[in-house]
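Subject: Structure for you to look through

Dear colleague,

I am passing on the structure below, and after it I set out what was found when going through it. Please keep it open beside this message as you read.

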Amino acid sequence: MKIKLTEKSLDRVALPASKAQLIVWDEELPGFGVVIGRLTSTFIANYWANGTKRRQVIGRRGVNRDDGHPWTVTLARQRAREILGKVAAGADPSPRSEERRV
């Protein structure tokens, strides 16, 4: 499912009773989406790096970040742009790629 991700549009998305999770992708930023579950919604970034498909968790909607502000669509989109920008520059922003280099 693809929609323009906003707080209002996410509030209107209903998880079908037959599914445990639903992934909703943003129409404006390819690779940015949200996994909607029964209890929580989690923002994600999907990308290809070094020939491998990766999915990086950005944060849970409404849960406070390290700076005390809760994750919103706007803040998650900003973080997704940072992640996807690194990919476009040729880097692999995955924490797993950092572990392999050490």
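Please bear in mind from the start that this is a predicted model, and that the values below were computed from it.

**The sheet**

A good place to begin is the open sheet, which has five strands in the order S1-S2-S3-S4-S5 and in which the pairing is mixed. Strand S1 (2–3) and S5 stand at the edges with a single partner strand each, so one side of each has no neighbour in the sheet. S1 and S2 pair in the parallel sense, over two bridges, and Ile3 stands opposite Asp26 in S2. Further along the sheet the pairing of S3 with S4 is antiparallel and consists of five bridges, one of which you can find by looking at Phe32, whose bridge partner in S4 is Ala45. The connection from S3 to S4 is a hairpin that passes through three residues.

S4 is also joined to strand S5 (residues 52–60), again in the antiparallel sense, by eight bridges. The hairpin of S4 and S5 has two residues between the strands, and in this hairpin Asn50 takes a positive phi near 55 degrees. Trp48 has Lys53 in S5 as its bridge partner, and if you leave aside neighbours within four places in sequence, Lys53 is in contact with Asn46, Tyr47 and Trp48. Is Lys53 buried or exposed? Its relative accessibility is 54%, and because the cut-off for exposed is over 50%, Lys53 counts as exposed. S4, by contrast, is mostly covered, with eight of its nine residues buried.

**Helix H2 against the sheet**

H2 packs on the sheet, where it touches S2, S3, S4 and S5, and its direction makes about 15 degrees with that of S4. A simple check of its length can be made: at 1.5 Å a residue, the 16 residues of H2 should span 22 Å, and this agrees with the 22 Å between its end C-alpha atoms. Which residues of H2 are buried? They are Val73, Ala76, Arg77, Ala80, Ile83, Leu84 and Val87. These residues cover an arc of only 125 degrees around the axis, which means that they lie on the same side of H2. As a general background to this, an α-helix has 3.6 residues a turn, so residues three or four places apart point the same way. What covers the buried residues of H2 includes helix H1 (7–12), S2, S3, S4 and S5.

**The nonpolar core**

In soluble globular proteins, nonpolar side chains tend to be buried together. Here the largest nonpolar core has 22 residues, and those that touch the most other members are Leu5, Leu10, Val24, Phe32, Val34, Phe43 and Ile58. At least two residues of this core come from each of strand S2 (21–26), strand S3 (32–37), strand S4 (41–49) and helix H2 (73–88), and the largest share, six residues, is supplied by H2. To see the surroundings of one core residue, you could select Val34, which, not counting residues up to four places away in sequence, touches Leu5, Leu10, Leu22, Ile23, Val24, Ser41, Thr42, Phe43 and Ile44.

**Two loop residues and a glycine**

The loop between S2 and S3 contains Glu28, which counts as partly exposed because its relative accessibility is 47%. Although Glu28 and Lys2 are 26 residues apart along the chain, their C-alpha atoms are separated by 9.5 Å. Not counting residues up to four places away in sequence, Glu28 touches Lys4 and Arg77, and Arg77 is one of the buried residues of H2.

Just after H2, Gly90 takes a positive phi of about 100 degrees. Ala91 lies in the loop between H2 and helix H3 (95–101) and, with a relative accessible area of 36%, is partly exposed. The C-alpha atoms of Ala91 and Ala76 are separated by 20 Å, with the two residues 15 places apart along the chain.

With best wishes

Technical notes: Residues are numbered from 1 along each chain as its sequence is written. This is a predicted model: local features need pLDDT of at least 70, side-chain atom pairs count only at pLDDT 80 or more; totals for chains, interfaces and linings use all residues. Side-chain values use heavy atoms; hydrogens and water are left out. A nonpolar core is a set of buried Ala, Val, Leu, Ile, Met, Phe, Trp, Tyr and Cys residues joined through side-chain atoms within 4.5 Å. Buried means under 20% relative accessible area, exposed over 50%, partly exposed in between (1.4 Å probe, protein chains only). Helices (H or I, at least four residues) and strands (E, at least two) are DSSP runs, numbered from the N terminus. Contact means heavy atoms within 4.5 Å. Two strands pair if DSSP finds at least two bridges between them. The expected span of a helix is 1.5 Å times one less than its number of residues. The arc is that of the directions from the helix axis to the C-beta atoms. Axes are lines fitted to C-alpha atoms, for helices over the stretch in contact, and angles run from 0 to 180 degrees between N-to-C directions.
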